[in-house]
Amino acid sequence: MKIILDAMGGDHAPQAPVLGAIEAAKVYGAQVTLVGRGEEILNVMKQNGIENLPEGIEIANADDVVDMHDDPANVIRRKPNSSMVVGLKMLADGQGDAFISAGSTGALLTGATLIVKRVKGIRRAAMGPAMPNKTGGKTVILDCGANAECTPEFLLQFGLVGSLHAKASYGVENPKVGLLNIGTEDTKGTPLQKEAYALLQQAQEKGLINFVGNVEARDVPLGAVDVVVCDGFSGNVLLKSIEGTAMFMGSLMKHKIFKRKSKILGPVRAGLGYLLCKPGVNEVMGMLDYRTIGGTQFLGIQKPVIKAHGSSDQMAFCNAIHQAQEAAGKDISAQLEQGLAALKEISND
């Protein structure tokens, strides 16, 4: 299994991608092809005391780089020799099993759609991160930013894609699918939510998904459902709100522990309390740390394409590579095509 990595994408490229790939090769036995400016990649290795290519690491030269300000719609035409485009073409040509980039999200989505191609029948690929929830499992949020504007048919497909992904990747036998809304009643929401609700309900009646109705944002981290269906704008707001709340609560707990005074022991008790709580707090924060998660897969693309965070460091790239290894071994394309054919009948009713 070979993972193709855009060595020039992200805020800390090429250092972070290169060192992350080397670490992944050591820790996970990954076979990684670094795509980018070969001389710069080799210079990073030399600066870190590595004279020869480590076992499991290859380099594919690409002289150009996709800038965050480049128009996503024109990247393929204007920058065919960029590390992102070359890497996607390698994936499409069978020279690798998955592709990772921390570059422009829009350019990556456009490139994945036009070069690697969507699964037959998919209207829009979507970003589907999995957030930890109170039950100890994970909740897939689909979409979280790839499609700011959606149709009811898009949301219907997201329900199927998310359900199959949750089953294949997280072992959920019969994933509960919920539609993000401002209330649980089927009359709530804009026309988009109301029409999507009706389609999802039909899919549930046909046994295609386990749709349980509307779900409010506050119930998502509590594990009310395994898959949350929403447009990309709402999903992105939901995701970042959860992340921000977790960061705030972690900081608040630390602050309160140190500020709480005892007449007897004073700051000593506060310090001891913090030391006792620190492992648990760090574990919880780690569950929501993008560096631990690795990246977000574009679901609905024929082969795994993973968007890593723009600020990814060595640890984040290493975990993204491991995530790509796992994604490459869980192909749901055949099941997805079969389910999409059935969903098409619903959409045309």
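**Exercise 1. Backbone and exposure at Lys117**

Decide from its relative accessible area whether Lys117 is buried, partly exposed or exposed, then say where the residue sits and what is notable about its phi.

*Solution.* The relative accessible area of Lys117 is 43%, and because the partly exposed class lies between the limits of 20% and 50%, Lys117 counts as partly exposed. These values belong to a predicted model. The next step is to place the residue: Lys117 is found in the loop that runs between helix H5 (105-116) and strand E5 (126-127). The last step concerns the backbone, where phi of Lys117 is near 80 degrees, a positive value in a residue other than glycine. As background, most residues other than glycine have a negative phi.

**Exercise 2. Cis peptide bonds**

Find which residues are joined by the cis peptide bonds with omega about 0 degrees and near 15 degrees, and locate Pro14 and Asp143.

*Solution.* Begin with the general expectation that most peptide bonds are trans. Against that background, a cis peptide bond joins Ala13 and Pro14, with omega about 0 degrees, and Pro14 is in the loop between strand E1 (2-6) and H1. A cis bond also leads from Leu142 to Asp143, with omega near 15 degrees, and Asp143 belongs to the loop between strand E7 (138-142) and helix H6 (152-170).

**Exercise 3. Salt bridges and the exposure of their partners**

For the salt bridges of Arg37, Lys79 and Glu216, name the partner, give the N to O distance, and classify both residues by accessibility.

*Solution.* A search of the whole structure finds five salt bridges, and the steps below take up those named in the task. The criterion needed here is a side-chain nitrogen of Lys or Arg within 4 Å of a carboxyl oxygen of Asp or Glu.

- Arg37 pairs with Glu40, and their closest N and O atoms are 3.6 Å apart. Arg37, at 28% relative accessibility, is partly exposed, and Glu40, at 31%, is partly exposed.
- Lys79 forms a salt bridge with Asp70 at an N to O distance of 2.7 Å. Lys79 has a relative accessible area of 17% and is therefore buried, whereas Asp70, at 22%, counts as partly exposed.
- Glu216 meets Arg218 in a salt bridge with an N to O distance of 3.8 Å. Glu216 is partly exposed at 21%, while Arg218, with 62% relative accessibility, is exposed.

**Exercise 4. Packing of H1 against H11**

Describe how helix H1 and helix H11 pack, giving the angle, the distance between axes, the handedness and the residues that meet.

*Solution.* Two packed helices are described by the angle between their axes and the distance between the axes. For helix H1 (residues 15-28) and helix H11 (residues 314-328), the angle is about 55 degrees and the axes are 7 Å apart. H1 and H11 are therefore oblique to each other, since an angle from 35 to 65 degrees falls outside the parallel and perpendicular classes. The crossing of H1 and H11 is right-handed. On the H1 side, the residues in contact are Ala16, Pro17, Leu19, Gly20, Ala21, Glu23, Ala24 and Tyr28, and these meet Gln314, Phe317, Cys318, Asn319, Ile321, His322 and Gln325 of H11. Sorted by class, this contact comprises nine nonpolar, five polar and one charged residues.

**Exercise 5. Two helix positions, Leu343 and Ser241**

Establish for Leu343 and for Ser241 which helix holds the residue, and whether the residue is buried, partly exposed or exposed.

*Solution.* Leu343 is part of helix H12 (residues 333-347), and its relative accessible area of 3% makes it buried. Setting aside neighbours within four places in sequence, Leu343 is in contact with Leu156, Gln157, Leu160, Ala203 and Leu208. The C-alpha atom of Leu343 is separated by 8.9 Å from that of Glu153, 190 residues apart along the chain. Ser241 lies in helix H8 (residues 232-259) and, at 40% relative accessibility, is partly exposed. The C-alpha atoms of Ser241 and Ala217, which are 24 residues apart along the chain, are separated by 9.6 Å.

**Exercise 6. The protein as a whole**

State how many helices and strands the protein has, what share of its residues is buried, and what share of the contacts between residues at least 6 apart joins residues at least 24 apart.

*Solution.* The secondary structure comes to twelve helices and twelve strands. Of the 349 residues, 50% are buried. Among contacts between residues at least 6 apart in sequence, 70% join residues at least 24 apart.

Technical notes. Residues are numbered from 1 along each chain as its sequence is written. Side-chain values use heavy atoms; hydrogens and water are left out. Buried means under 20% relative accessible area, exposed over 50%, partly exposed in between (1.4 Å probe, protein chains only). Helices (H or I, at least four residues) and strands (E, at least two) are DSSP runs, numbered from the N terminus. Contact means heavy atoms within 4.5 Å. Axes are lines fitted to C-alpha atoms, for helices over the stretch in contact, and angles run from 0 to 180 degrees between N-to-C directions. Angles under 35 degrees count as roughly parallel, over 145 as roughly antiparallel, 65 to 115 as roughly perpendicular and the rest as oblique. A crossing is left-handed if the near helix is turned anticlockwise from the far one by less than a right angle, and right-handed if clockwise. Ala, Val, Leu, Ile, Met, Phe, Trp, Tyr, Cys and Pro count as nonpolar, Asp, Glu, Lys and Arg as charged, and the others, Gly among them, as polar.
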